[in-house]
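Thanks for making the time this morning. I would like to walk through one structure with you, and I will start with its surface before turning to the sheets and the salt bridges.

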Amino acid sequence: MPFVFETSSTATPITFVTKSSWDQVAETLPPAQRQFATASAFTARPGSYLALPAPDGAIAQILFGLDDDGARSRDPFRPGALPGLLPPGSYRFANAPQDTRLAALAFALGSYRFARYRKADSPDVRLVPPEGVDAAEISRIADAAMLARDLINTPANDMGPGELAAAAQGLAAEFGASFACIVGEDLKAGNFPLIHAVGMASDRAPRLIDIVWGDPAHPKVTLVGKGVCFDTGGLDLKPSSGMLIMKKDMGGAANVLALARMVMDAKLKVRLRVLIPAVENAVSANAFRPLDIFTSRKGITVEIGNTDAEGRLVLADALALADEEKPDLLIDLGTLTGAARVALGPDLPPFYTNDETLAADLARCAVKENDPLWRMPLWPPYDAWLDSKTATITNAPSGGFAGSITCALFLQRFVEHAKSWLHVDIYGWTPSAKPARPEGGECQAARAIYTLLSERYA
């Protein structure tokens, strides 16, 4: 559901106020509107909303409360609540919020509703682009985020490996990119044993999606996204509560496709490659088992310590393929570890890299875009925890400590030639609705990474 900005010259104004500015703003209102606000007990509390009437009964303007500067609860996306509050119509910002660009983006993101299976209950509200804001860029980012949300929110019966591949193929066709897909037993023939092993128990064949776009002479940027379309945990079966939102386990793939959409739509000067191992981690007689050992594409033997640590397995083969090309920048995204959520919660994904410049630039872009990320260490002493007595490494070290770090260290074993590597352990889901972030599938890290790529390769 693409977001469209309005061009109306008669749009209803939205006036942003804070508790500290409310008295001053109230003095500028016509007496009848000031009296109406007083009678309505409007106090400019953050997130509060009031429609002020005109003499003819129409809406004269909207008042919307924001956090005061420096408030601990300050949320640049608070204006993203407006699309769910406003009646149908066209609107414009009458004054500047704390960050006009982020407020416009939040408005666009807040207009999202997942409407595949029932009619959307959101009113038709449009926004006139604020002065100085690049409406095309905001639309580009919002449309990509909505793509990620739609893919994640679609249940697994309609979003298996084949459907994910079809979505990727459609995106490739839209921007004139090449598309290839290795399916089923061809994965074994093509030397992708880990992807095949994880996906072989499902009657929906595993596959490796491969998109290539851009001038081969430009810097090589490769994106790898975990595409586990549903995760039962395999033979190390999850409890029912743990499976409840496992349709989101392809969130890394969804966010990689969203990022690719932004990159291609902006025509960044990169040679882009997107690799998505798309599988379903199911249970059947031929499911891979605990203590099975597989030789990965890179030649590293991997002992299966837990079949529920499957995401790092499929990413390992895809990263090995990506690394063979020696890209300038290799990025992987995946919904990988509960340990990351224990450490940082659902809203703050950890990222890992040994490139100090990349780390600093990404952290800055994350703040700029209100797309939070937090750097975690690739702590070398923990690398020994991956050791196996019967193989080179295990996919699930015992002990339970530092699970997100050991996952990153596992993936690092498969990256050798890339000039720079970034790993992000996302959640891909908003557990409870927030302004601009409805409950459900979420676009995480993609906006921050896109801003980084835009700065480097515009």
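Before the first feature I need one cut-off, namely that patches are made of residues with over 30% relative accessible area and no salt bridge, and that nonpolar side chains are joined within 5 Å. Please also keep in mind throughout that what you see is a predicted model.

With that in hand, Leu235, Leu237 and Val283 make a nonpolar surface patch of about 260 Å². Leu235 sits in the loop between β9 (227-231) and α8 (240-243), and because its relative accessibility is 39%, it counts as partly exposed.

Let me move on to the sheets. In general, the strands of a sheet pair through backbone hydrogen bonds, either parallel or antiparallel. One open sheet here has five strands in the order β2-β3-β1-β4-β5, and its pairing is mixed. The edges of this sheet are taken by β2 and β5, each of which has a single partner strand, so one side of each is left without a neighbour in the sheet. From one strand to the next, the twist averages 30 degrees.

If you look at the β5 edge, strand β4 (residues 89-93) is joined to β5 by three bridges, and the two run parallel. Within that pairing, Gly89 has Val125 in β5 as its bridge partner. Helix α3 packs on this sheet, where it touches β1 (12-17), β4 and β5, and its direction makes about 155 degrees with that of β5. Towards the other edge, α2 lies across β2 and β3 (59-65), and runs at about 145 degrees to β2.

The loop that follows α2 deserves a moment as well. Ala44 lies between α2 (31-39) and β2 (49-53), and its phi is near 65 degrees, which is a positive value in a residue other than glycine. Is Ala44 buried or exposed? Its relative accessibility is 0%, so Ala44 counts as buried.

Lys267 also has a positive phi, of about 55 degrees, although it is not a glycine. This residue lies in the loop between α9 (251-265) and β10 (271-281), and with a relative accessible area of 63%, Lys267 is exposed.

There is also an open sheet of three strands, in the order β11-β12-β16, again with mixed pairing. Here β11 (293-295) and β16 (393-394) stand at the edges with a single partner strand each, so that one side of each lacks a neighbour in the sheet. Strand β12 (residues 301-303) pairs with β16 in the parallel sense over two bridges, and in β16 it is Ile393 that stands opposite Val302.

I will finish with the salt bridges, of which a search of the whole structure finds 30. I have picked a few that join separate parts of the chain.

In one of them, the side chains of Arg116 and Asp158 meet at 3.9 Å, N to O. Arg116 is in the loop between α3 (100-110) and β5 (125-127), while Asp158 is in the loop between α4 (135-153) and α5 (161-174), so the pair ties together parts that are 42 residues apart in sequence. Arg116 is partly exposed, with a relative accessible area of 47%, and Asp158 is partly exposed too, at 23%.

Another salt bridge is formed by Glu174 and Arg261, whose closest N and O atoms are 2.5 Å apart. Since Glu174 lies in helix α5 and Arg261 in helix α9, this pair ties together parts that are 87 residues apart in sequence. Which partner of this pair is buried? Arg261 is, with a relative accessible area of 18%, whereas Glu174 counts as partly exposed at 47%.

The last pair is Arg364 and Glu455, where the closest N and O atoms are 2.9 Å apart. This pair links distant parts of the chain, with Arg364 in helix α12 (residues 356-368) and Glu455 in helix α14 (residues 446-457), 91 residues apart. Arg364 is partly exposed, at 40% relative accessible area, and Glu455 is likewise partly exposed, at 39%. Both belong to a network of salt bridges that links Asp361, Arg364, Lys368, Glu455 and Arg456.

That is where I will stop, and I am glad to take questions.

Key
Residues numbered from 1 in each chain as written. Predicted model: local features only at pLDDT ≥ 70, side-chain atom pairs only at ≥ 80, totals over all residues. Heavy atoms only, no water. Helix = DSSP H or I, 4+ residues; strand = E, 2+ residues; numbered from the N terminus. Buried < 20%, exposed > 50% of the residue type's maximum accessible area, 1.4 Å probe, protein only. Salt bridge = Lys/Arg side-chain N within 4 Å of Asp/Glu carboxyl O. Patch = residues over 30% accessible without salt bridge, like charges linked within 9 Å, V, L, I, M, F, W, Y side chains within 5 Å. Areas by Shrake-Rupley, 256 points an atom, 1.4 Å probe, with all protein chains shown as cover. Pairing = 2+ DSSP bridges. Axes fitted to C-alpha atoms, helices over the stretch in contact; angles between N-to-C directions. Contact = heavy atoms within 4.5 Å.
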